[in-house]
Amino acid sequence: MRTPLVLLALTLAWLFGHALAQAETPTPGGTAIVVLGSDPEHLNAAISTGYPIGAVGASLYSALVYLDRDGVPRGELAESWTVSDDDRVYTFTLRPATFHDGTPVTSADVVFTMEEVLAPNHGRFLNAYRNIASITAPDDATVVIELTQPYAPLINLLTVFEAPILPKHVFEGTDPLTNPANEAPIGSGPFRFVEWVRGERVTLERFEDYFLDNALLDRLIYRVVPQDAARSVALEVGEADVVWGFYMPPADLDRLDANPNIEVWKGLTIPSLYFVFVNTDNPALDDVRVRQALMFAIDREQIVEQAQGGLGEVAGGPFGAGFAYAYDEATDYRTLYPFDPERARELLAEAGVGDLTLTFVYDSARGAFAAAAEIMRDNLRQVGITLNVQPVERSVMVERVYGRDYDLSMQSFTSSGDPAIGYHRIYLSAERGANFVNATGYANAEVDELLNAAAGLADRDARAAAYTEVLAILANDVPTLAIFDELSTQAAAANLRGLLVRFDQRDGLEYAWLAP
Amino acid sequence: MAASAPAATVGAAAVWGQLMRQRRGLLGLAMIVVLALVAILAPWLAPHDPFSTSRNAFLPPGSAGHLLGTDHLGRDVLSGVIYGSRVSLIVGLAAAFTATVIGILVGAVSGFFGGLVDEILMRITELFQIIPRFVLALIVVAFFGSGLFNLILVIGILSWPQTARLVRSQFLRHRTLPYVDAARVLGMRPVRIIFREILPNVLAPVIVVASLDIAQAILLEASLGFFGLGDPNLRSWGGMLNTAQGYVQRAWWMSVFPGVAISLAVLGFNLFGDGLNDATDPRLRSGS
């Protein structure tokens, strides 16, 4: 009789405990340590696109918008915004907010930061600024951005990584590159600056008057650990709580994953696409059937598994599968072009191509490319194509690929959060000739028109419709062989909760909290 | 010393007899023969195609069908080692041959004519000797590409000075010997005296150096491959070591077996060279 009672008690206790775990409520307090691989040069995120500066800046500063976990822009300093019918005028209404020194954040700060600091000094904001006709502040809580032409990625270029807002009263009349506030920054973000020990750590503390929900952690320390291996060890011995993929030695991931005190995460954040350029100057490769055959012949799953160590997702299209509005299930490469050597052979026979030898050029410093090349060599051999693999140093690769002296070349391009910023250049015929753009020689007037239209559509649904048409054309033409989307990684102490709430893993640490 | 019997000349049969009596040289020869057989019979010996990838990555040695395991792309390590012997042997032999030809030409001309020609050629030789071979090979291969032909040429061109100096010293000695004088008196042209009269008499030590050169060339090719500068379209031992770097803890077999193969090949040619040296050196000869 006793055993069932004990069992019942245990079951109840388990259920109760489980319910407790489910209902874990975030508790404030404590200190979390985030690892940086190098010391930031300064702490002014508005004059640099450097990764560690952006990391600390994401907690120190705020911007008009942030990108949520799915990459959808949401208001941060901007309570709301409206877009004119011609997609050329954006009107932002600001929330009441204060800088860390107590002065209010007004539209004047926004206009000043964008025009005087960001436009001349921030590489990526410049992308947006080229399309901006004027930035004005009709009143303290309103900012109006007028564009020269519709430019959909604008909102994505107003986040804390692209357009952090600085206090005008601190920077006005000074050189933003040498302002002392670059060393002791004043922002309006969830954490305020405490101390910076050069080469060792940057310490921040919770800003009690943050305009949104206050941060949960008392303190946030960015610790500089320059050696790869030392970062994983710092995590293992509890001297650090978070290591981002950017600083993660990939070889250590499995070891960290096996550690019960460490949570390893692998997923898609800012999509970065690995693909193969196909040079259409080669008459054989100008035949669409041959390009399609290449898609069927290459085992992309094997490449992800072995060349990328599983840290990727087989690409679903020319823009990957990371952007819901630039992806169409109907033209998913994984269903259109499954690994099918037999079909590849048929297409090659139809095209009258036999015994093809192709040069495969890639940057020799990229280990994943070398492994992918070996897999493709084996794959293509099965369909009668000989791959002449040519690893060359980066400068030679750039010269040869953009000088169109190659047949196939593996590349990786980052989307920068919007296909119009990162990926359009690969397919636009006008982009041929320069570096890091269209190297395939592909020119399709319809694609040009649709892509340019898509870049101008602020409405996601309208944009999606334009992309659906482009995707169908590109899925047939395959001027590039999309291989995989790179997965980001992160390793963090298992008791640090509330991470990865934003599109960029560096963002949103105000939601992080320590479980007891 | 008889007038027309050069001291260093040793009959091939005598050298062979000496070599046979020497365990080291014989062992080296046996290793070379095995290496050559493996290289020639690679397509029949290798259980798999060396480039064939599979989903079975990181299989440990002793797995079914993969005696020495598989690498990170599921390629058979044993087949890679077997086919790698071809690259090593071809590069070793061809580079050493290139070095020997250049060395003989430079050394013979230098030693036979002497004077200003000798002076200039020897300074050039010294220049090649003081250049760090490996560093220069790295630069040249990085610059001109790492095809098999380039590797052979680079290694050959960087390896001739020792042969040149040896041949020169032999020629310096021989050119005053009576049989050379006789040839001159008979009106033979210098080219003929060099190649027909003297060269056959000084070839034995050259062959010793050549076999040591082969060992060095194999090692240099493997080192270049290890640094990612091997021929990317061939499976070579150095190239296998290069890819194995990232997996030393996870898959030791990826680095150990090609490493052992390199060591054995180098050891084989070195033992053979040493044995040959002893066999051709009259001072070390016993019982004659």
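Let me start with the sheet in chain A, in what is a predicted model. It is an open sheet of 4 strands, ordered E4-E5-E7-E6, and the pairing is antiparallel. At the edges sit strand E4, residues 78-83, and strand E6, residues 132-139, both of chain A, each of which pairs on one side only. From one strand to the next, the twist averages 20°.

Take one pairing from that sheet. E4(A) and strand E5 of chain A, residues 89-94, run antiparallel and are joined by 5 bridges. Within E4 and E5, A:Trp81 stands opposite A:Phe92, the latter in E5(A). As a general reminder, strands of a sheet pair through backbone hydrogen bonds, in either a parallel or an antiparallel way.

What lies across E5, E6 and strand E7 of chain A? That is helix H3 of chain A, residues 107-121, and E7 here covers 142-147. H3 runs at about 160° to E6(A).

Staying with chain A, I turn to aromatic rings. Over all chains, the count comes to 28 aromatic pairs. One pair is A:Tyr325 with A:Tyr467: the ring centres are 6.1 Å apart and the planes are at 45°, so the pair is tilted, since that angle is neither under 30 degrees nor over 60. Where along the chain are these two residues? A:Tyr325 is in the loop between strand E14 (312-314) and helix H11 (333-336) of chain A, while A:Tyr467 is in helix H18 of chain A, residues 460-477. They are 142 residues apart, and the pair links distant parts of the chain.

Now chain B. Its secondary structure comes to 12 helices and 0 strands, so to speak of its element order is to list α twelve times over from the N terminus. The C-alpha trace of chain B spans about 75 × 45 × 25 Å along its principal axes.

One helix pair in chain B is worth going through. Helix H1 of chain B, residues 12-20, and helix H12 of chain B, residues 253-280, have axes that come within 8 Å and cross at roughly 120°. That angle makes H1(B) oblique to H12(B), because it falls between the perpendicular range of 65 to 115 and the roughly antiparallel range over 145. The crossing of H1(B) past H12(B) is right-handed.

Which residues make the contact? From H1(B) they are B:Val15, B:Gln18 and B:Leu19. H12(B) contributes B:Phe272, B:Gly275, B:Leu276, B:Ala279 and B:Thr280. By type, the residues in this contact of H1(B) with H12(B) are 5 nonpolar, 3 polar and no charged.

Key: Residues numbered from 1 in each chain as written. Chains lettered and ligands numbered in written order. Predicted model: local features only at pLDDT ≥ 70, side-chain atom pairs only at ≥ 80, totals over all residues. Heavy atoms only, no water. Pairing = 2+ DSSP bridges. Axes fitted to C-alpha atoms, helices over the stretch in contact; angles between N-to-C directions. Contact = heavy atoms within 4.5 Å. Parallel < 35°, antiparallel > 145°, perpendicular 65-115°, else oblique. Left-handed = near helix turned anticlockwise from the far one by under 90°. Nonpolar A, V, L, I, M, F, W, Y, C, P; charged D, E, K, R; others polar. Phe/Tyr/Trp six-rings, centres within 6.5 Å; stacked < 30°, edge-to-face > 60°.
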